[in-house]
Amino acid sequence: MRKKLSKCYRKFASRVRRKKSYIQKVQGTSDRPRLVIYRSLTNIYAQMVDDENGKTLVSSSTLEKDAKFTGNKCEKSFQVGKALGEKAKAAKIKAACVDRNGYKYHGRVKAVVEGVRDAGLML
């Protein structure tokens with residue numbers, strides 16, 4: 001008899017399956033790093049990763065002590081994206097490719113990407 005999986009586990013397994021299907025196509029280089037987005041229930045994290053050297057170039061999240069993000073979750077996500085874009089420009093990064101991490105492109109994920117674009121990066 002097959003055990004029934006919980007709804008929470010099924011959603012996680014679906015996200016991991018979606019992530020595996022396109023992670024082979026999205027690779028970050030030093031010229032065009034990978035913008036990785038992770039969202040938890042309350043916070044959002046974004047970072048630019050150089051896969052060739054295995055290093056994180058810049059990162060930003062709602063948990064940063066020096067930055068005060070205000071508003072609802074979507075507004076905070078936009079501000080995180082904008083802060084990440086400013087840090088990336090300071091690090092002389094001009095373009096990036098987006099790794100949604102298996103999430104759908106709407107809501108907070110879309111807000112982060114729009115914030116990075118608003119800062120002047122090509123995605």
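Let's start on the outside: Tyr9 is partly exposed, with a relative accessible area of 44%. This residue sits in helix H1, which covers residues 7-23. Keep in mind that you're looking at a predicted model. From Tyr9, we'll go on to the overall fold, the nonpolar core and the salt bridges.

**The patch around Tyr9**

- Tyr9 teams up with Leu5 and Phe12 in a nonpolar patch on the surface.
- Together, Leu5, Tyr9 and Phe12 have about 310 Å² of accessible area.

**The overall fold**

- The protein has three helices and four strands.
- If you walk along the sequence, you meet them in the pattern α-β-β-β-α-β-α.
- The C-alpha trace spans about 55 × 35 × 20 Å along its principal axes.
- A compact globule with 123 residues would have a radius of gyration near 14 Å, and the protein's 15 Å agrees with that.
- Take the contacts between residues at least 6 apart in sequence: 60% of them join residues at least 24 apart.

**Inside and outside**

- Of the protein's 123 residues, 36% count as buried.
- The protein exposes about 8100 Å², and 52% of that comes from carbon and sulfur atoms.

**The nonpolar core**

- In soluble globular proteins, nonpolar side chains tend to be buried together.
- Here, the largest nonpolar core has 18 residues.
- Which members touch the most others? They are Leu35, Ile37, Met48 and Leu84.
- Four elements each supply at least two residues of this core: strand S1 (34-39), strand S2 (44-50), helix H2 (73-90) and helix H3 (108-118).
- H3 gives the most, with four residues.
- For a close-up, pick Leu35 and leave aside its neighbours within four places in sequence: Leu35 is then in contact with Ala46, Gln47, Met48, Leu84, Cys97, Val98, Asp99, Val116 and Leu123.

**Salt bridges around Arg34**

- Side chains of opposite charge can pair when their charged atoms come close.
- How many salt bridges does the structure hold? It holds four.
- One of them joins Arg34 to Asp51, with the closest N and O atoms 2.9 Å apart.
- Arg34 belongs to strand S1 and Asp51 to the loop between S2 and strand S3 (55-61), so this pair ties together parts that are 17 residues apart in sequence.
- Arg34 also meets Asp99 in a salt bridge, at 2.7 Å from N to O.
- That second pair links distant parts of the chain, since Arg34 is in strand S1 and Asp99 is in strand S4 (residues 97-99), 65 residues apart.
- Put these together and you get a network of salt bridges linking Arg34, Asp51 and Asp99.
- Are these residues buried or partly exposed? Arg34 has 13% relative accessibility, so it counts as buried, because the cut-off is under 20%.
- Asp99 is buried too, while Asp51 is partly exposed, with a relative accessible area of 25%.

**A salt bridge at helix H2**

- The side chains of Glu64 and Lys87 also meet in a salt bridge, 2.8 Å from N to O.
- Glu64 is in the loop between S3 and H2, and Lys87 is in helix H2, so the pair ties together parts that are 23 residues apart in sequence.
- Lys87 counts as partly exposed, at 33% relative accessibility.

Note on methods. Residues numbered from 1 in each chain as written. Predicted model: local features only at pLDDT ≥ 70, side-chain atom pairs only at ≥ 80, totals over all residues. Heavy atoms only, no water. Core = buried A, V, L, I, M, F, W, Y, C linked by side-chain atoms within 4.5 Å. Buried < 20%, exposed > 50% of the residue type's maximum accessible area, 1.4 Å probe, protein only. Contact = heavy atoms within 4.5 Å. Patch = residues over 30% accessible without salt bridge, like charges linked within 9 Å, V, L, I, M, F, W, Y side chains within 5 Å. Areas by Shrake-Rupley, 256 points an atom, 1.4 Å probe, with all protein chains shown as cover. Rg over C-alpha atoms; globule rule 2.2 N^0.38 Å.
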